[in-house]
Structures are given as C-alpha cells and as structure tokens.
Amino acid sequence: MAKAEPHIRIATRVVGNGVFRELSSDAIKVWCVLEWHAGRKRVCWPSWLTLQEETGLSLRKLSRALKELKVRRFVATTNQGKQGGGHYNIYSLIEGVRTK
C-alpha cells in the first residue's frame with residue numbers, strides 16, 4: 001500500500017469568513033507550509049532556509065509574506081535565539097481576522 005501524502009486541512013471558518021481573499025498568494029504559500037509543519041499542535045519552527053526552499057520565495061518575498069501573516073493575525077512569532085549557529089523563530093498559527 002502506498003504511503004499517503006501529507007496534507008493540510010483549512011478550516012471552513014478561515015476560508016468562509018473572507019480573510020483568505022485578502023491575503024497575497026505569497027502569504028498563502030507561506031501559511032500553507034507553516035500549517036503543514038505545525039499539524040495539530042499549531043506550533044512549528046522551520047528555518048527561513050526551509051521556508052524558502054518549500055515555498056520557492058526569495059528572502060525578501062518571504063519576509064513580506066510573514067509580515068502580512070502577522071498583521072492579519074494568521075501567525076504569531078516568538079524569537080527563540082540561536083540554535084546550531086542560526087537564529088530561529090517559533091511560529092504559532094492562529095485564526096486570521098478581516099482588516100476591512
């Protein structure tokens with residue numbers, strides 16, 4: 001039997017409340033990758049390099065997308081300092097809110 005591919009579940013309340021329509025396509029890419037890493041725990045800590053590789057975004061676009069997700073309250077970040085010679089953040093996934 002073939003192994004099932006990983007997938008994410010997008011809550012109806014997130015898509016149905018119109019918040020998703022307000023996000024850029026880059027922000028949606030980043031949110032989906034974070035959602036996949038977080039799973040049921042709703043918390044994850046992928047490196048920027050990992051996020052860059054998995055979304056195909058440049059560092060500048062990744063930075064803008066993460067800022068957008070924070071402003072729209074899809075993601076909260078906590079800087080945890082250094083690990084293995086690099087800085088890393090903990091991303092907590094939260095429900096987005098409409099800004100209009």
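## Notes on R42 and the fold around it

R42 counts as partly exposed, at 30% relative accessibility. On this scale, buried is under 20% relative accessible area, exposed is over 50%, and partly exposed sits in between (1.4 Å probe, protein chains only). R42 is found in the loop between α2 and β1, and its backbone has a positive phi of about 65 degrees although R42 is not a glycine. Keep in mind that this is a predicted model: local features need pLDDT of at least 70, side-chain atom pairs count only at pLDDT 80 or more, and totals for chains, interfaces and linings use all residues. Residues are numbered from 1 along each chain as its sequence is written, and side-chain values use heavy atoms, with hydrogens and water left out.

### The layout

What does the protein consist of, in helices and strands? There are four helices and three strands. Helices are DSSP runs of H or I with at least four residues, strands are E runs with at least two, and both are numbered from the N terminus. Going along the chain from the N terminus, the order is α-α-β-α-α-β-β. The protein has 100 residues, of which 31% count as buried.

### Salt bridges

How many salt bridges does a search of the whole structure find? It turns up two, where the criterion is a side-chain nitrogen of Lys or Arg within 4 Å of a carboxyl oxygen of Asp or Glu.

R42 takes part in one of them: its side chain meets that of E35 at 2.5 Å, N to O. The two partners sit differently with respect to solvent cover, as E35 is buried with a relative accessible area of 8%, whereas R42 is partly exposed at 30%.

The side chains of E22 and R72 also meet in a salt bridge, at 2.8 Å, N to O. E22 lies in the loop between α1 (12-16) and α2, while R72 lies in the loop between α4 and β2, so this pair ties together parts that are 50 residues apart in sequence. E22 is buried, at 14% relative accessible area, and R72 counts as buried too, at 16%.

### The loop between α4 and β2

R72 has company in that loop. R73 is also placed in the loop between α4 and β2, and phi of R73 is near 60 degrees, a positive value in a residue other than glycine. Then there is F74, which sits in the loop between α4 (59-71) and β2 (75-83).

F74 brings us to the aromatics. The count comes to one aromatic pair, using the rule that rings of Phe, Tyr and Trp (its six-membered ring) pair if their centres lie within 6.5 Å, with planes under 30 degrees apart counted as stacked, over 60 as edge-to-face and the rest as tilted. That pair is W31 with F74, in an edge-to-face arrangement: 5.8 Å centre to centre and 80 degrees between the planes. W31 is in helix α2 (residues 25-38), so to speak the far end of the link, since the pair joins distant parts of the chain that are 43 residues apart. Both rings belong to buried residues: W31 has a relative accessible area of 2%, and F74 has 0%.

### Contacts across the sequence

Here are some C-alpha pairs worth loading into your viewer.

| Pair | Apart in sequence | C-alpha to C-alpha |
|---|---|---|
| A27 and L69 | 42 residues | 6.4 Å |
| Q52 and S63 | 11 residues | 9.9 Å |
| C44 and N89 | 45 residues | 8.5 Å |

A27 has its place in helix α2. Is A27 buried or exposed? At 0% relative accessibility, A27 counts as buried. C44 lies in strand β1 (residues 43-44), and C44 counts as buried as well, at 3% relative accessibility. Q52 is found in helix α3 (residues 48-55), and at 23% relative accessibility Q52 counts as partly exposed. For a residue out in the open, look at R64: R64 lies in helix α4 and counts as exposed, at 54% relative accessibility.

### Pulling it together

Helix α2 turns up more than once here: W31 is in that helix, and A27 is too. The loop between α4 and β2 holds R72, the partner of E22, and F74, the partner of W31. As for R42, it pairs with E35 in a salt bridge while having a positive phi of about 65 degrees.
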